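Subject: Structure handover

Hello,

Here is the structure I promised to pass on. Please open it next to this email and follow along.

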Amino acid sequence: MSNHSIQKAQSHGLLHDARKRRILGDVLAHLFLAVMAVIWIIPVVWVFAESFNQDKSPSQSSFFPKAFTLDNYIELFTDRTVMNFPRMYMNTLIVACFVCVISIFFVLSVAYCMSRLRFRTRKTFMNVVLILGMFPGIMAVTAIYFILKAMGLTEGNTSIIALILVYSAGTGAGFYVMKGFMDTIPTSLDEAAMLDGCTRLQVFYKIIIPICKPMIVYQAIIGFLTPWLDFVMAKVICRTQTNYTVSLGLWLMLQKEYINNWFAKFAAGAVLVSIPIAILFIVMQRFYQESMSGSVKG
């Protein structure tokens, strides 16, 4: 056999081995991802099944309920002897919607100023915000509570206003992601629009905002999820059940005096909490595909 034939056979063998290794790597990767997906989805399936369980106690002998019922969902909205879950749900929805809108406005405004404007304290401000962002927000909970208490915003229905203020006030500091996206937008678009007679405000809402639609969707989701899922700040500010949020309601269901009768309702409440999140993702996901084509010059 010639040297050429031997080299050709060896090269085919190496290619064959490389192909085998690639297939083996793909199989192992997909097996790992499948196992992780099963581990992730098991608790979700269990909570969903538990929400239909006729047995309301937390002690179960089987993974799936032995008897199914819709009473857990019905009683959440009709049984108000222990807690008013519909009001808690509505409180949270009101806070989350207001914070979502306000956070978009704050983040867009701050990011635009940091990305497009140049002023003396710009870098100092960005560095200060970056340093403050390294500290966990829970460190400020006590100070925030006493400030709100001094303003009279911790009693009665004013605590809902306090939650909106607290969640919204901190969103402007999260402008770095939005600013990074705006930095990728060519300044020539701004200059061309201003040559056509646009003001900075017109450039902002006719050029920058349409281009930033994917990031606006991201901020809308973050702005909604933060108050919708938060527990710590709501627990500190809300002192009575009349202004509890849904996370506090779910926490209350797991207290030792209620857990034996409310555990299945807790699972039903957890499912109901996930519904607005799912709707938000479904409605917003189409905007992720929009980018430069959404801008309007003029």
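Leaving aside neighbours within four places in sequence, which residues is Met-83 in contact with? They are Met-88, Gln-241, Gly-249, Leu-252, Met-253 and Trp-262. Please keep in mind that this is a predicted model.

**Met-83**

Look for Met-83 in the loop between α2 and α3. Its relative accessible area is 1%. Buried means under 20%, so Met-83 counts as buried. I also checked its distance to Ala-140. The two residues are 57 apart in sequence. Their C-alpha atoms lie 29 Å apart in space.

**Salt bridges**

The structure holds four salt bridges. Three of them are described here, starting with those of Lys-265.

Lys-265 meets Glu-75 through their side chains, at 3.0 Å from N to O. This pair links distant parts of the chain. Lys-265 sits in helix α13, residues 259-284. Glu-75 sits in helix α2, residues 71-78. The two are 190 residues apart.

Lys-265 also forms a salt bridge with Asp-79. Here the closest N and O atoms are 3.4 Å apart. Again the pair links distant parts of the chain, 186 residues apart. Asp-79 is in the loop between α2 and α3 (85-116).

How accessible are these partners? Lys-265 is buried, with a relative accessible area of 4%. Glu-75 has 22% relative accessibility, so it counts as partly exposed. Asp-79 is partly exposed as well, with a relative accessible area of 22%.

Next comes Asp-190. The side chains of Asp-190 and Arg-116 meet in a salt bridge of 2.7 Å, N to O. Asp-190 lies in helix α8 (residues 187-195) and Arg-116 in helix α3, so the pair ties together parts that are 74 residues apart in sequence. Both Asp-190 and Arg-116 are buried. As for the Lys-265 pairs, salt bridges that share partners join Glu-75, Asp-79 and Lys-265 into one network.

**Ile-208**

Ile-208 touches both members of the Asp-190 and Arg-116 pair. Its other contacts are Tyr-112, Met-182, Ile-185 and Val-203, not counting residues up to four places away in sequence. You will find Ile-208 in helix α9, residues 200-211. It has 0% relative accessibility, so it counts as buried. Thr-184 is 24 residues away from Ile-208 along the chain. Their C-alpha atoms are separated by 11 Å.

**Asp-230 and Thr-245**

Does Asp-230 sit in a helix or in a loop? It is in the loop between α10 (213-229) and α11 (232-237). Asp-230 is buried yet has no salt bridge. The nearest side chain of opposite charge is Lys-235, 12 Å away. A salt bridge needs the nitrogen within 4 Å of a carboxyl oxygen, so Lys-235 does not qualify.

Asp-230 does have a polar partner. Its side chain and that of Tyr-167 are joined by a polar contact of 2.5 Å. Asp-230 also touches Leu-225, Thr-245 and Ser-247, not counting residues up to four places away in sequence.

Thr-245 lies in the loop between α11 and α12 (246-253). With 4% relative accessibility, it counts as buried. Besides Asp-230, Thr-245 is in contact with Met-88, Thr-92, Leu-163 and Ala-234, leaving aside its neighbours within four places in sequence. Met-88 also appears among the contacts of Met-83.

**The largest pocket**

How much space lies in the largest pocket? The answer is about 1000 Å³. Its lining is made up of 29 residues. Closest to the centre are Gly-137, Val-166, Gly-170, Thr-171 and Ala-173. Several elements give two or more residues to this lining. They are α4 (122-132), α5 (141-150), α6 (158-169), α7 (176-183), α10 and α11. Which of them gives the largest share? That is α10, with five residues.

**Where to look**

For a quick tour, begin with Lys-265 and its partners Glu-75 and Asp-79. Go on to the buried pair Asp-190 and Arg-116. Then turn to Asp-230 and its polar contact with Tyr-167. Finish at the lining of the largest pocket, with Gly-137 among the residues closest to its centre.

Best wishes

Technical notes. Residues numbered from 1 in each chain as written. Predicted model: local features only at pLDDT ≥ 70, side-chain atom pairs only at ≥ 80, totals over all residues. Heavy atoms only, no water. Helix = DSSP H or I, 4+ residues; strand = E, 2+ residues; numbered from the N terminus. Buried < 20%, exposed > 50% of the residue type's maximum accessible area, 1.4 Å probe, protein only. Lys, Arg positive; Asp, Glu negative; His and termini not counted. Polar contact = N/O pair within 3.5 Å; in protein donor to acceptor, adjacent residues only side chain to side chain. Contact = heavy atoms within 4.5 Å. 1 Å grid on protein atoms, 1.4 Å probe; cavity = no way out; pocket = protein on both sides within 12 Å on 5 of 7 lines; lining within 4 Å. Points joined across faces, edges and corners; volume = space filled by probe spheres on them.
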